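These are my notebook entries from a session of looking things up in one structure. I took a handful of places in turn and wrote down what I found at each.

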Amino acid sequence: MLGLAWRRTASRSSRSKPARLLSAALSGADGPLLSSEANISSFRRIALPPPSSHRSPPLLHPQPAYNLSQPVFMSMASGGEGPPTNLPHKHTNRLAKERSPYLLQHAHNPVDWYPWGQDAFDKAKSEDKPIFLSVGYSTCHWCHVMERESFEDEEIGKILSDNFVCIKLDREERPDVDKVYMTFIQATSGGGGWPMSVWLTPDLTPFVGGTYFPPRDHRGRPGFKTVLTRITEQWQNNRPSLESSGQRILEALKRGTTIAANPGESPPLAPDVANRCFQQLAHSYEEEYGGFKNAPKFPTPVNLMFLMSYWSVNRTTSEGVEALQMALHTLRMMALGGIHDHVAQGFHRYSTDSSWHVPHFEKMLYDQAQLAVAYITASQSGGFYSAEDADSVPASGGSEKREGAFCVWTASEVRELLSDVVEGTTGTATLSDIFMHHYGVKDQGNVAPEQDPHGELQGQNVLIVRYSLELTAAHFGISVEKTDELLASARAKMAEVRKSRPRPHLDTKMLASWNGLMLSAYARVGAALGDKALVGRAVEAGNFLKEHLWDAERQTILRSCYRGDQMEVQQISPPIPGFLDDYAFIICGLLDLYEATLQAEWVQWAEELQLRQDELFWDGQGGGYFCSNPSDGTVLLQLKEDQDGAEPSANSVSASNLLRLSQYTGRQEWLQKSQQLLTAFSDRLTTVPIALPEMVRALMAQHFTLKQIVICGQRDAPDTTSLLATVNSLFLPYKVLMLTDGNAENFLCQRVPVLSSMSQLGGVATAYVCQDFTCSLPVTDPQELRRLLLDGTLEMQPE
């Protein structure tokens with residue numbers, strides 16, 4: 001359902017033909033998806049208690065073998081299971097009854113695995129054993145390495161099963177549990193990543209942890225077998241020290257992770273915070289290729305959206321112009337680079353180099369959603385144009401999966417496929433000559449050895465645009481139009497060939513939060529382009545969420561659902577209740593869907609979900625929302641996410657949701673809640689706003705006051721759609737869009753009575769631009785409305 005193929009025309013600053021860039025295509029995404037890539041938030045330093053007088057061996061706080069601060073992260077590939085086999089399994093454990101693709105990958109380990117739940121906790125208490133908790137996700141390369149090396153090893157499996165209660169957890173199903181123990185790992189080791197390996201007491205208190213461990217001792221580094229043996233000995237001989245140390249660290253983490261507003265405090269001044277956020281981003285900006293900091297380089301859509309929002313209120317300043325250029329240049333260079341899948345569209349997870357050339361080949365649903373919005377926003381800003389696994393089996397055969405095998409090409413493959421001679425070219429070039437020149441394809445491959453530490457890409461080419469259309473056309477003596485057509489036909493042929501290659505592993509669970517992000521993308525891009533098909537898909541996505549991920553009886557969002565063997569949607573029993581990000585991202589998507597369809601039912605459901613979110617997650621004492629329900633006693637830390645990373649923080653999104661909903665529903669308490677939330681994060685916003693660019697956008701929205709754009713008219717009438725098209729063609733980050741059709745009984749008129757006083761002029765669709773519902777003189781001409789929205793000066797009508 002959520003396969004994408006979006007196109008956007010070139011801007012006035014580019015002579016290229018219709019850009020394929022906004023084709024945030026999800027290869028093989030036939031339904032709401034997907035899986036996740038490892039992404040660690042920076043961790044605030046927390047003062048941990050001094051060690052007890054009982055000294056433990058250094059092993060009890062091992063440095064993670066691999067974490068994101070070490071160079072090996074550049075080579076982290078998302079793996080997958082090998083080719084299907086019909087051979088009978090020697091071992092089957094209780095994970096075979098689960099629906100998570102990650103847990104199912106471990107269903108035949110010689111380990112007595114339990115899923116996270118009461119059965120495992122009861123066993124640990126009744127047998128008085130420590131818990132070994134292993135956390136990962138289905139497309140995590142090092143998770144699969146550790147499985148092959150350790151969890152499939154009979155000897156290690158027996159040590160685990162005999163001495164520990166072993167729990168396997170999918171971090172995407174239970175992000176609340178993952179956050180707690182990753183916080184512990186980061187605080188005690190200074191790094192983190194997946195797989196996460198942590199040992200707990202029977203009451204779930206962590207006492208030692210790390211990430212990936214090799215199976216056997218190597219070069220003085222203890223292997224997993226040694227780690228297990230020593231922890232078992234310490235549990236038997238030094239248990240009180242382990243328990244007290246773990247408890248002290250946990251108490252320190254509770255104190256150190258507290259985020260709360262001080263009595264009488266207000267949110268920080270938005271202009272100061274926004275300026276500081278811009279300066280911090282400018283300091284980390286990489287001018288040649290765009291993006292922030294050096295390799296590995298991530299797209300970070302939250303940064304790009306902040307920069308374009310900052311420009312929107314600072315258009316006449318040098319800082320505003322610089323902010324827009326930083327965002328546009330980054331988007332351009334990503335579009336030209338290998339991180340962009342030039343054949344099947346969409347963007348890979350991150351680039352292993354600073355030039356966006358050689359990616360980690362995994363594709364994530366949340367990246368496609370946010371980047372689609374970023375590119376369409378760039379188009380509206382007038383600038384230019386607008387989880388799939390990384391490992392797959394090589395087309396040449398063999399059982400071992402390799403990084404990028406599905407996506408890369410040898411020169412001989414390109415020549416064989418694109419052998420047609422192109423008439424009229426200089427020197428009678430073939431289609432392959434033109435394609436290889438334009439996309440940097442070389443006989444020896446175009447991947448440098450330092451970008452390929454495992455030698456998986458030798459002789460292979462990652463497509464990257466090396467020349468503009470104009471330069472490629474001039475090189476071969478043909479027109480730009482013909483060059484564009486030839487390259488498009490070449491890509492189409494290559495896309496067909498790729499369909500015959502072994503596909504990467506696809507994580508088929510469907511997460512509410514990521515589908516909420518995708519709902520926003522469909523709605524916003526569809527509205528901006530006036531594309532009814534995309535808006536229709538947004539409606540389908542909204543209906544899917546309501547049918548499969550909303551428990552109306554219990555008034556609860558469900559975290560996930562699953563694709564069955566017959567392509568049906570399945571649910572586990574009991575289902576996993578949704579977390580804060582599930583509510584926040586869906587609510588945002590529903591508000592975007594209302595603005596795309598102007599059907600009030602979506603605002604009504606958003607209001608319903610916001611009320612439930614407040615009930616489940618709001619911190620009535622300190623302000624802001626907890627990531628998970630505080631009533632869950634198995635989650636030992638009540639955390640508030642304080643970083644916008646690969647996905648925006650749910651508190652950042654909620655700050656904007658509350659503000660928008662206060663306009664749509666007339667609930668002033670939500671305006672106050674938004675202010676309380678921003679106040680709770682004042683310290684973070686003031687000192688390191690670069691950590692929360694999405695929340696800075698919400699702070700700016702409060703400061704600049706949302707414009708209400710009210711269209712009076714019949715929803716599908718041509719004069720109404722002309723006014724709506726004008727609004728949707730512009731990037732207006734601080735606005736809400738409403739439609740009133742003269743029916744005083746409709747939802748919005750009931751909630752915002754002033755709407756009933758607005759009417760059409762002379763029976764023609766009419767627009768009002770208001771602040772705090774003090775409105776401009778009404779306009780009926782789309783160009784006049786455009787001028788009014790861009791000028792920002794309202795000639796108010798007399799009351």
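What should the 20 residues of helix H15 span at 1.5 Å a residue, and how far apart are its end C-alpha atoms? I am working on a predicted model, and I keep that in mind for every entry below.

Entry 1, helix H15. For residues 480-499 I expected a span of 28 Å, and the end C-alpha atoms turn out to be 29 Å apart, which agrees. I then looked up burial along the helix and found Val480, Thr483, Asp484, Leu486, Leu487, Ala490, Arg491, Met494 and Arg498 buried. These residues cover an arc of only 165° around the axis, which puts them on the same side of H15. I noted that an α-helix has 3.6 residues a turn, so residues three or four places apart point the same way. On the other side of H15 I found Glu485 and Lys499 exposed, while the buried residues pack against helix H12 (411-417), helix H13 (431-438) and helix H14 (469-476).

Entry 2, the nonpolar cores. The largest core has 135 residues, and I noted Phe306, Leu307, Met308 and Tyr594 as the members that touch the most others. Helix H18 (residues 580-597) gives the most to this core, with 11 residues. Leaving out residues up to four places away in sequence, I listed the residues that Phe306 touches as Ala274, Cys277, Phe278, Leu281, Pro693, Val696, Arg697 and Met700. I also recorded a second, separate core of 60 residues, which includes Cys166, Tyr181, Tyr212 and Phe224.

Entry 3, His348. I located this residue in the loop between helix H10 (318-336) and strand E6 (350-351), and at 1% relative accessibility His348 counts as buried. The side chain of His348 reaches the backbone oxygen of Phe361 at 2.9 Å. Beyond four places in sequence, I found His348 in contact with several residues, among them Pro359, His360, Phe361, Glu362 and Cys407. I also checked Phe298, 50 residues away along the chain, and its C-alpha atom is separated from that of His348 by 9.5 Å.

Entry 4, Ser649. This residue lies in the loop between helix H19 (601-617) and helix H20 (650-665), and with a relative accessible area of 2% Ser649 is buried. A polar atom of the Ser649 side chain lies 3.1 Å from the backbone nitrogen of Asn651. Outside its neighbours within four places in sequence, I found Ser649 in contact with Glu641, Gln643, Asp644 and Leu692.

Entry 5, strand E17. Five of the six residues of this strand (766-771) are buried, so E17 is largely enclosed by the rest of the structure. Strand E15 (residues 707-712) runs antiparallel to E17 and is joined to it by six bridges, and I traced the bridge partner of Gln708 to Cys770. E17 also forms a hairpin with E18, with two residues between them, and Asp772 in the turn has a positive phi of about 50°. In that pairing, Gln771 stands opposite Thr774.

Entry 6, a three-stranded sheet. I read the order of this open sheet as E10-E13-E14, with antiparallel pairing. Strand E10 (509-511) and strand E14 (569-570) stand at the edges with a single partner strand each, so one side of each is left without a neighbour in the sheet. Between E13 (residues 560-563) and E14 I noted two bridges, and Arg563 stands opposite Val569.

Terms used: Residues numbered from 1 in each chain as written. Predicted model: local features only at pLDDT ≥ 70, side-chain atom pairs only at ≥ 80, totals over all residues. Heavy atoms only, no water. Buried < 20%, exposed > 50% of the residue type's maximum accessible area, 1.4 Å probe, protein only. Polar contact = N/O pair within 3.5 Å; in protein donor to acceptor, adjacent residues only side chain to side chain. Contact = heavy atoms within 4.5 Å. Pairing = 2+ DSSP bridges. Core = buried A, V, L, I, M, F, W, Y, C linked by side-chain atoms within 4.5 Å. Expected span 1.5 Å × (residues − 1). Arc of directions from axis to C-beta.
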